[in-house]
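Colleague: I am new to this structure and would like a close look at a single part of it. Please take one helix and follow what lies around it.

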Amino acid sequence: MKIGLIRCQQTEDMCPATTDFKIISEKKCAFEGIDEDIQIIGINSCGGCPGKKAVTRAKEMVKRGADTIVLASCITRGNPIGFTCPHANTIIKAIKDNLKEIKIIEYTH
Ligand code: SF4
């Protein structure tokens, strides 16, 4: 599995994504049970509210080899400060609509 990771630009100010990298390398949480090797193709943010750049950034990571787009938990679960993205569902729908053959994982941990 080759993943492109999208994170919240607001959270990027404080969070170095350490837990995301750890659980991906240890195949825990959203990655539990995945047998194949997991390679991170890239990590980018949504581009800032309301997250419109997430689609083009996801597309770019697909161009560079990602077969799965993963939204970091800062977007859909509000980690680490308990503040979920108010645009999460719109972002997910737009990525799904624009990248129909690509698998989407909606959280990391
Ligand atoms: S759109 Fe959502 S994910 Fe992007 S910066 Fe704003 S709150 Fe964060």
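Modeller: The part to look at is α3, whose buried residues pack against β1, β2, β3 and α5. The model is a predicted one, and what follows should be read as a description of that model.

The buried residues of α3 are Ala54, Val55, Arg57, Ala58, Met61 and Val62. Residues three or four places apart in an α-helix point the same way, because the helix has 3.6 residues a turn. After the helix comes Gly65, which has a positive phi near 115 degrees.

Ala58 is a good residue to start from. Leaving out residues up to four places away in sequence, Ala58 touches Gly4, Ile6, Ile69, Ile95 and Leu99. Ala58 is also among the residues with the most contacts inside the largest nonpolar core, together with Ile6, Ala72 and Ile75. That core has 22 residues. At least two of them are supplied by each of β1 (2-7), α3 (53-63), β3 (68-71), α4 (73-76) and α5 (88-98). The largest share, five residues, comes from α3. In soluble globular proteins, nonpolar side chains tend to be buried together.

Next come the strands beside the helix. β1 and β3 pair in the parallel sense, over four bridges. Gly4 stands opposite Ile69 in β3, and both Gly4 and Ile69 are touched by Ala58. β3 also pairs with β4 (residues 103-105), again in the parallel sense, over three bridges. There, Val70 has Ile105 in β4 as its bridge partner.

To place these elements in the whole: the protein chain has five helices and four strands. Along the sequence they follow the pattern β-α-α-β-α-β-α-α-β. For 109 residues, a compact globule would have a radius of gyration near 13 Å, and the chain agrees with that because its own value is 13 Å. The C-alpha trace spans about 35 × 30 × 20 Å along its principal axes. Buried residues make up 30% of the 109 residues. Of the contacts between residues at least 6 apart in sequence, 75% join residues at least 24 apart.

On the N-terminal side of α3, the loop between β2 and α3 holds Pro50. A cis peptide bond joins Cys49 and Pro50, with omega about 10 degrees. Both Cys49 and Pro50 belong to the set of residues that surrounds the ligand, which also includes Cys8, Gln9, Gln10, Cys46, Gly48, Gly51, Ile75, Cys85 and His87. This shell divides into six nonpolar residues, five polar and no charged. Ile75 therefore has two roles in this description: it is in the ligand shell, and it is one of the core residues with the most contacts. A second cis peptide bond is found between Asn79 and Pro80, with omega about 0 degrees. Pro80 lies in the loop between α4 and α5.

Ile75 also leads to the end of the chain. The C-alpha atoms of Tyr107 and Ile75 are separated by 7.7 Å, although the two residues are 32 apart along the chain. Tyr107 lies in the segment after β4. Tyr107 is partly exposed, because 16 other C-beta atoms lie within 10 Å, where a buried residue needs 20 or more. Residues up to four places away aside, Tyr107 touches Ala30, Leu71, Ser73, Thr76 and Arg77.

Ala30 is in the loop between α2 (18-25) and β2 (39-45). Its C-alpha atom is separated from that of Tyr107 by 6.6 Å, with their positions 77 residues apart along the chain. Beyond its neighbours within four places, Ala30 is in contact with Ile105, Tyr107, Thr108 and His109. Ala30 is partly exposed, with 18 other C-beta atoms within 10 Å.

The loop that holds Ala30 contains two further residues to note. Lys27 lies between α2 and β2, and its phi is positive, about 50 degrees, although Lys27 is not a glycine. Cys29 lies in the loop between α2 and β2 too, with a positive phi near 55 degrees. Lys27 counts as partly exposed, because it has 15 C-beta neighbours inside 10 Å. Cys29 is likewise partly exposed, with 15 such neighbours.

Notes. Residues are numbered from 1 along each chain as its sequence is written. This is a predicted model: local features need pLDDT of at least 70, side-chain atom pairs count only at pLDDT 80 or more; totals for chains, interfaces and linings use all residues. Helices (H or I, at least four residues) and strands (E, at least two) are DSSP runs, numbered from the N terminus. A residue is buried if 20 or more other C-beta atoms lie within 10 Å of its own, exposed if 12 or fewer, and partly exposed in between; C-beta atoms are placed from the backbone. Two residues are in contact if their C-beta atoms, placed from the backbone, lie within 7 Å. A residue is near a molecule or strand if its C-beta atom, placed from the backbone, lies within 6 Å of it. Ala, Val, Leu, Ile, Met, Phe, Trp, Tyr, Cys and Pro count as nonpolar, Asp, Glu, Lys and Arg as charged, and the others, Gly among them, as polar. The radius of gyration is taken over C-alpha atoms; the globule rule is 2.2 Å times the number of residues to the power 0.38. A nonpolar core is a set of buried Ala, Val, Leu, Ile, Met, Phe, Trp, Tyr and Cys residues joined through C-beta atoms within 7 Å. Two strands pair if DSSP finds at least two bridges between them.
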